[in-house]
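Visitor: Could you take me through one part of this structure close up? I'd like to know what sits around it and how it is put together.

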Number of protein chains: 2
Amino acid sequence: MRDHLLVVSDLRQIVGENNVISDADLMAPYCVDWRGRFRGSALAVVKPASTDEVAAIVKYAQAHGLSIVPQGGNTGLVGGSVPLGNGNELILSLARLNRIRSIDTATDSVVVEAGVSLAGLQAEAEAHERLFPLSLASEGTATIGGAIATNAGGTATLAYGNMRELVLGLEVVLHDGRIIHGLKQLRKDNSGYDIKQVFIGSEGTLGIVTAAALKLFPQPKSRLTAFCGLQSPEHALKFLELTKRSSGALLTTFELIPRLGLDLVLRHFPASRDPLFATHHWYVMLEFSSAAASLADMVAEQVIATAIELAIIEDGVFAKSLAQSDVFWALRENLPSAQTKEGASIKHDISVPLARIPGLIEAVNRDVLSVMPDIRPLPFGHLGDGNLHYNFQAAIGSDSRAFLARSEEIHAIVYRHVAEADGSFSAEHGIGQVKRHQLSHWKDEISLDVMRQLKALFDPDGRLNPGKVV
Amino acid sequence: MRDHLLVVSDLRQIVGENNVISDADLMAPYCVDWRGRFRGSALAVVKPASTDEVAAIVKYAQAHGLSIVPQGGNTGLVGGSVPLGNGNELILSLARLNRIRSIDTATDSVVVEAGVSLAGLQAEAEAHERLFPLSLASEGTATIGGAIATNAGGTATLAYGNMRELVLGLEVVLHDGRIIHGLKQLRKDNSGYDIKQVFIGSEGTLGIVTAAALKLFPQPKSRLTAFCGLQSPEHALKFLELTKRSSGALLTTFELIPRLGLDLVLRHFPASRDPLFATHHWYVMLEFSSAAASLADMVAEQVIATAIELAIIEDGVFAKSLAQSDVFWALRENLPSAQTKEGASIKHDISVPLARIPGLIEAVNRDVLSVMPDIRPLPFGHLGDGNLHYNFQAAIGSDSRAFLARSEEIHAIVYRHVAEADGSFSAEHGIGQVKRHQLSHWKDEISLDVMRQLKALFDPDGRLNPGKVV
């Protein structure tokens with residue numbers, strides 16, 4: 001292998017003196033995920049500013065036996081953008097590919113480079129009276145490239161789909177440095193195999209996404225957020241059913257929160273307050289929105305009134321202003337941070353068919369509580385998509401290390417019930433490093449074989465994000 | 001190669017005596033497309049009734065050097081489901097895989113076998129107060145398997161996406177007879193590469209889809225169809241823009257028709273009548289629908305009134321009843337048949353970014369008319385998706401054969417302008433047999449190479465639908 005110093009100087013020839021980081025201290029933030037769970041090391045961090053520079057780096061890596069770890073905002077939860085530290089990895093930061101190349105308000109589409117943040121694109125869309133709908137808690141830092149590589153989900157999937165559904169075209173650098181220039185902005189294109197699909201959700205292991213053509217949507221002119229208290233997950237499902245039947249595409253968010261979740265946010269975010277008078281076992285935060293003026297309000301008020309009348313929900317309150325809507329959203333968005341402040345937790349990101357949700361919650365809680373009676377179950381999240389962040393909080397005052405040592409035991413219970421319910425052990429967070437063993441355990445052998453064959457085809461030397469996914 | 005009679009008797013062992021057709025006359029309808037443009041021959045037509053039987057046939061074909069042409073409703077327009085007649089092809093009809101395996105109204109999903117017709121699934125969904133939105137002129141015959149294999153589009157794509165966006169999971173028989181059991185009904189599943197995407201739109205060349213898990217939607221409770229006259233494609237675009245901005249997801253269809261299109265329908269379908277008093281150069285048929293009662297009417301009336309006020313459209317009329325809505329739809333749906341009745345036509349299925357549509361129509365018409373001054377341009381179709389069926393009708397009384405002999409010349413003009421506008425020469429009909437040479441001409445070499453590599457990976461012996469796509 002080429003001498004480290006020579007590698008650094010070669011890379012500087014490609015991207016310029018200041019865009020290669022090789023000092024260990026300066027590299028440190030790139031070598032660890034934001035939660036500090038995955039740590040690695042790299043030969044260097046390289047920051048190209050163009051697709052051609054990305055291609056040149058890939059070719060250089062190929063010529064010299066180096067691996068490449070593509071990195072966007074590094075906000076992932078499964079260690080997918082952190083190097084393993086196997087001694088031959090370059091971190092390829094897409095941060096400088098940060099231009100919005102063009103926006104087409106007639107076609108409702110945009111061409112954007114991989115390093116643009118989700119919030120950056122949302123703001124640009126808004127400036128053109130359009131909506132880019134993908135929304136995540138980490139959207140200020142998370143990038144378009146990362147969202148494509150992980151097929152990101154979030155709170156608007158119910159109405160707008162996952163990232164995959166928002167992609168019209170991709171520019172991709174292949175393992176050998178060739179570039180697919182696939183940035184057409186077409187809603188219909190059946191001119192051969194849709195090869196971009198291979199790269200979406202492949203977590204940087206099959207190619208490096210450098211830019212994308214994405215869908216935009218009309219900007220909502222009416223929007224109403226509501227916060228409702230209800231008795232049980234069964235009631236939440238009935239509420240969802242009623243809401244979908246009577247509002248259809250106007251329902252854009254439907255999030256489930258158990259009382260413990262609200263308690264934790266109220267405790268750790270002192271500015272927050274309970275929007276409802278009484279205490280309820282479960283809560284749903286939902287949002288209606290429409291490009292048509294005043295429709296969302298009209299429909300929302302009717303739906304909530306009906307739900308109360310039918311005793312499907314116990315209480316419900318509307319946001320009377322944008323500020324109040326932000327307050328409701330904060331109760332949901334601050335939940336993960338409140339969990340961290342509260343102490344240790346064991347987390348899962350699962351999905352099952354909707355009808356299986358109440359049974360799943362009952363069975364998982366029962367079996368987990370039977371082995372750890374003081375654990376605090378905290379399943380919450382995107383009920384509208386059948387996707388729960390099925391987390392467990394350590395008992396107050398318990399030993400974090402001892403608690404976390406039992407993670408695998410808890411995972412096994414959760415994933416077994418999820419598999420029995422025809423669900424997924426990784427709904428929106430992907431595989432990365434941390435779920436590779438789960439993948440080989442829960443995925444069928446034929447699908448795994450096809451995945452390995454795709455990996456061998458698109459990355460024959462195993463240089464793209466090694467040790468991730470397959 | 002195994003003797004023909006032995007092949008037939010072997011296949012009868014797999015699917016039963018009555019489910020193998022080898023008589024040339026009985027095979028004839030399977031060996032030609034519905035327009036009579038593509039003719040081939042086959043060793044036999046095999047009609048399995050289960051996924052296991054499909055797998056057994058594939059293994060048998062592999063063992064004996066035979067090829068397989070999967071066939072659904074055989075309604076395609078590019079010869080994708082017709083054998084070439086190369087002497088070793090079996091037609092594998094999916095007609096007997098015609099069960100709706102399950103329907104889940106909580107999850108809004110259905111598991112359906114490949115041979116179910118689109119109309120059959122639409123009816124089943126409706127019986128459960130749900131909507132299966134994919135809608136095509138040939139939906140009575142076209143099958144789910146064919147729609148997945150071709151990533152079918154149609155008139156509801158604007159709101160609900162192409163077939164790809166409707167697929168939650170697939171059951172696929174691979175080239176070697178292995179079966180991928182991928183029928184999970186999840187809106188979010190990032191547990192590894194999404195391998196089903198490879199098979200969607202691959203036209204039966206990479207694997208055989210035997211069943212699918214598909215999305216359903218709430219049934220519209222309000223729906224309003226309108227028929228509007230306007231001056232030009234520019235005005236149609238402005239109208240689309242206004243409509244999207246003010247109705248968002250409520251706009252579910254937006255179809256452009258030139259006066260010639262309406263003329264042909266009025267001429268060849270005597271029961272039809274012009275919905276508007278005056279004559280207009282162009283027409284738009286659009287539909288609004290919503291799961292929320294009365295919303296579609298409310299929004300539609302407002303939008304049309306505004307469009308007239310702003311002189312974006314010249315006139316517009318609403319369907320006052322379901323019957324009248326059907327009349328409007330018939331004007332659009334009968335257009336292809338009216339073209340056939342009128343005489344010979346040269347057809348294209350193209351898409352471009354929306355803003356390019358008016359310029360494209362102007363440039364293509366100019367250049368085509370300059371080489372054939374009496375040709376009659378008839379671009380119509382799914383303007384909302386940027387997808388036009390850019391057809392040309394022969395002059396009245398002209399010689400069809402001489403006209404059609406100039407097809408390639410016209411194709412070259414159309415596709416050159418489409419390429420210059422960053423469009424696609426095959427928006428929703430696929431490649432099949434007929435557009436293979438266009439594919440190799442208009443697709444970039446790197447994408448073609450990736451396509452060939454995928455073909456080599458998923459069908460190393462070239463036995464799946466040979467001579468199609470790649």
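Guide: Start at B:Pro379, which stands opposite B:Tyr390 in β19(B). Bear in mind that this is a predicted model. B:Pro379's surroundings are easy to place: strand β18 of chain B covers residues 376-382, and seven bridges join β18(B) to β19(B), the two running antiparallel. Together β18(B) and β19(B) make a hairpin with four residues between them. In that turn, B:Gly386 has a positive phi of about 70°.

Now follow β19(B) itself, residues 387-393. Seven of its seven residues are buried, so to speak of the strand as mostly covered is fair. In a regular strand the side chains alternate between the two faces of the sheet. Here, B:Asn387, B:His389, B:Asn391 and B:Gln393 point one way, while B:Leu388, B:Tyr390 and B:Phe392 point the other way.

β19(B) has further partners, too. Strand β17 of chain B, residues 349-351, runs antiparallel to β19(B) and is joined to it by three bridges; within that pairing, B:Asp349 has B:His389 as its bridge partner. Then there's strand β16 of chain B, residues 345-346, which pairs with β19(B) over two bridges, again in the antiparallel sense. B:Ile346 is the residue standing opposite B:Phe392.

One last stop, over in chain A: A:Gln339 belongs to helix α13, residues 335-342. With a relative accessible area of 0%, A:Gln339 is buried. Its side chain makes a polar contact with the side chain of A:Asn391, at 2.7 Å. Beyond its neighbours within four places in sequence, A:Gln339 is in contact with several residues, including A:Leu378, A:Phe380 and A:Gln393.

Methods
Residues are numbered from 1 along each chain as its sequence is written. Chains are lettered from A and ligands numbered from 1 in the order in which they are written. This is a predicted model: local features need pLDDT of at least 70, side-chain atom pairs count only at pLDDT 80 or more; totals for chains, interfaces and linings use all residues. Side-chain values use heavy atoms; hydrogens and water are left out. Buried means under 20% relative accessible area, exposed over 50%, partly exposed in between (1.4 Å probe, protein chains only). Two strands pair if DSSP finds at least two bridges between them. A polar contact is a pair of N or O atoms within 3.5 Å; within protein, one must be able to donate a hydrogen and the other to accept it, and residues adjacent in sequence count only if both atoms are side-chain atoms. Contact means heavy atoms within 4.5 Å.
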